[in-house]
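Dear colleague,

I am passing on the structure we spoke about, with the sequence alongside. Below it you will find notes on what came out of the analysis, grouped by the parts concerned.

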Amino acid sequence: MADELPGREAMEFDVVIVGGGPAGLSAAIRLKQLAPETAVCLVEKGGEIGAHTLSGAVIEPRALNELIPDWQEKGAPLDTPAREDRFMLMTESRAIKLPTPPQMHNSGNYIVSLGDVVRWLGQQAEALGVEIYPGFAATEVLQDAGRVAGIATGDMGVGKDGSATGNLQRGMELRARYTLLAEGCRGSLSKQVMTRFGLRDGRDPQTYAIGIKELWEIPAENHRPGLVEHSLGWPLDRATYGGSFLYHFGNNLVSYGFVIGLDYANPWLSPFDEMQRFKTHPAVRKHFEGGRRISYGARALIEGGMQSLPKLSFPGGLLIGDAAGFLNVPKIKGTHTAMKSGMLAAETVAEALASGGAAGGGAAELDGYVDRVRASWVWEELSQVRNVRPAFSRFGMWGGLAYSALDTYVLRGKAPWTLHHRHADNETLAPADAAARISYPKPDGILTFDKLSSVFISNTNHEENQPAHLVLADPAKAVALNWQQYRGPEVRYCPAAVYEYVGVEEGEPKLQINAQNCVHCKTCDIKDPSQNINWVPPEGGGGPNYPGGM
């Protein structure tokens, strides 16, 4: 194909940022605050800023207060203060209220649409002179003399066979003195950089979860703006980490989601169907009665915490936000830490630029970022909760709860030990014939739904005539390993009906990939047993298009 394509045009910047989420936008804003003349470019693969942003979300405004102190006067969409916290232990028929852990107290926080928040941040960045290019997927890391020298965006108008079509548009080379990767969880360029520079050497395995979310509009008489409710327990078994979130906010809106740790063992488990089944609980269905579901989405979450953070700097750039993994799991929040990491990165880069840092700089020129992170409240937060998530992996639900209480109330996050993550999530599945099958009720189309109708309301779309963005390293493994040993777990862990085995009844199973359905959650890239599935960016603008409210 390379012989058929014209060369790419190039543009030069001081700083290129990949990803238009809270981390990337905060970095861009802080850079322009500190060094207004700095040429800053931000690329976002979604069709607009916020199109791919999915979160609960209850936001702690600490970082926003530091970044834009007058955010209220400037109209930031933080309109629903959190007023009531509930923490529930669910059995099949009961909901038992537990004391809310200190990390989950939300006084002073706000229930928001994170998509609306990042759209507003994008406006603030553009007002400062940041060049923002939505609809451009960063697909390649540019290197020069062993140093990252920017990124290239993907070509558009390339057919499935790799040949140019009549609609060909070459990608751009966006060259920069410094590159900040803010792609979010399991970013494709971040994976490349971690491998190229050994950024994960000596770190714990990273661990993830899948979060699946619905947005509902309910009758005004049932709406309790400011209610924040979390749960654990049913319908999950005691060995599987996960739980729900349910927030009332905005104009009669309910944000509902279910999160399951991707270190689960049973290959018959379907996170999507667990999420649907949870709504049938008598204490849960009342939140949705008389309402209608208006949007749906899914996203992997990065949960390893401090032990699993990679090296944060590499020659020519930095990892920020969930590209690195700053989520505070017990607090169930990562927006404020992602924003702060972006601000700290911006301060580091501004200092390097002011001191003459350029393409010839050494590998250690941005190491001050690590020092800033370690000296910040982000590090203090992650250190205090570092043992909670691995406790659930080691001891199960009851043991994890008991240990978390000890760590929180007695040791106050200062235990003289650190629990470690022992396995990557793709290594934890049991063989299908050794695991209990799970029977899920059929959806009723009113309270519970199937995957395809859910994908439809995520506004997901991909140009059909383009190279596959879900790539099998060895197609034969889909049957020889995934089907024969685990009975096709990708069919169940994918929340968008992307994977389907055909020919099963004839005794000739074959994996069919319906890439058009992909909501970019990255779960397959994480959970595939042999890491045979590689998620790469499709054409820019493809994927879900989450509306305001999500």
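Gly-198, which comes directly after helix 4, has a positive phi, near 60°. Please keep in mind here and throughout that this is a predicted model. Helix 4 itself spans residues 188-197, and its buried residues are Ser-188, Leu-189, Ser-190, Val-193, Met-194 and Phe-197.

Helix 5, residues 271-278, has seven of its eight residues buried, so this helix is largely enclosed by the rest of the structure. The buried residues include charged side chains as well as aromatic ones, since the list runs through Pro-271, Phe-272, Glu-274, Met-275, Gln-276, Arg-277 and Phe-278.

Turning to the nonpolar interior, the largest core comprises 77 residues, and the members that touch the most others within it are Ile-17, Leu-78, Leu-121, Leu-180, Phe-326, Val-349 and Tyr-369. Helix 7, which covers residues 335-354, gives the most to this core, contributing 10 residues. A second core, separate from that one, has 65 residues, among them Tyr-247, Leu-262, Tyr-296 and Phe-272, the last of which is also one of the buried residues of helix 5. As for Leu-121, if residues up to four places away in sequence are not counted, this side chain touches Pro-22, Leu-25, Ile-29, Leu-64, Ile-68 and Met-339.

Two helix pairs may interest you. Helix 1 (residues 22-34) packs against helix 3 (residues 114-127) at an angle of about 20°, with the axes 9 Å apart; angles under 35 degrees count as roughly parallel, and therefore helix 1 and helix 3 are roughly parallel to each other. The crossing of helix 1 past helix 3 is left-handed. On the helix 1 side the contact is made by Pro-22, Leu-25 and Ile-29, and on the helix 3 side by Leu-114, Val-118, Leu-121, Gly-122, Gln-124 and Ala-125, a set that divides into seven nonpolar and two polar residues, with no charged ones.

With helix 7, in turn, helix 1 packs at an angle of about 35°, the axes being 7 Å apart, and here the crossing is right-handed. Helix 1 brings Pro-22, Ala-23, Ser-26, Ala-27, Arg-30, Leu-31 and Leu-34 to this contact, while the residues they meet in helix 7 include Ala-338, Met-339, Gly-342, Met-343, Glu-347 and Val-349. By class, this contact has 11 nonpolar, four polar and two charged residues.

With best regards

Note on methods. Residues are numbered from 1 along each chain as its sequence is written. This is a predicted model: local features need pLDDT of at least 70, side-chain atom pairs count only at pLDDT 80 or more; totals for chains, interfaces and linings use all residues. Side-chain values use heavy atoms; hydrogens and water are left out. A nonpolar core is a set of buried Ala, Val, Leu, Ile, Met, Phe, Trp, Tyr and Cys residues joined through side-chain atoms within 4.5 Å. Buried means under 20% relative accessible area, exposed over 50%, partly exposed in between (1.4 Å probe, protein chains only). Helices (H or I, at least four residues) and strands (E, at least two) are DSSP runs, numbered from the N terminus. Contact means heavy atoms within 4.5 Å. Axes are lines fitted to C-alpha atoms, for helices over the stretch in contact, and angles run from 0 to 180 degrees between N-to-C directions. Angles under 35 degrees count as roughly parallel, over 145 as roughly antiparallel, 65 to 115 as roughly perpendicular and the rest as oblique. A crossing is left-handed if the near helix is turned anticlockwise from the far one by less than a right angle, and right-handed if clockwise.
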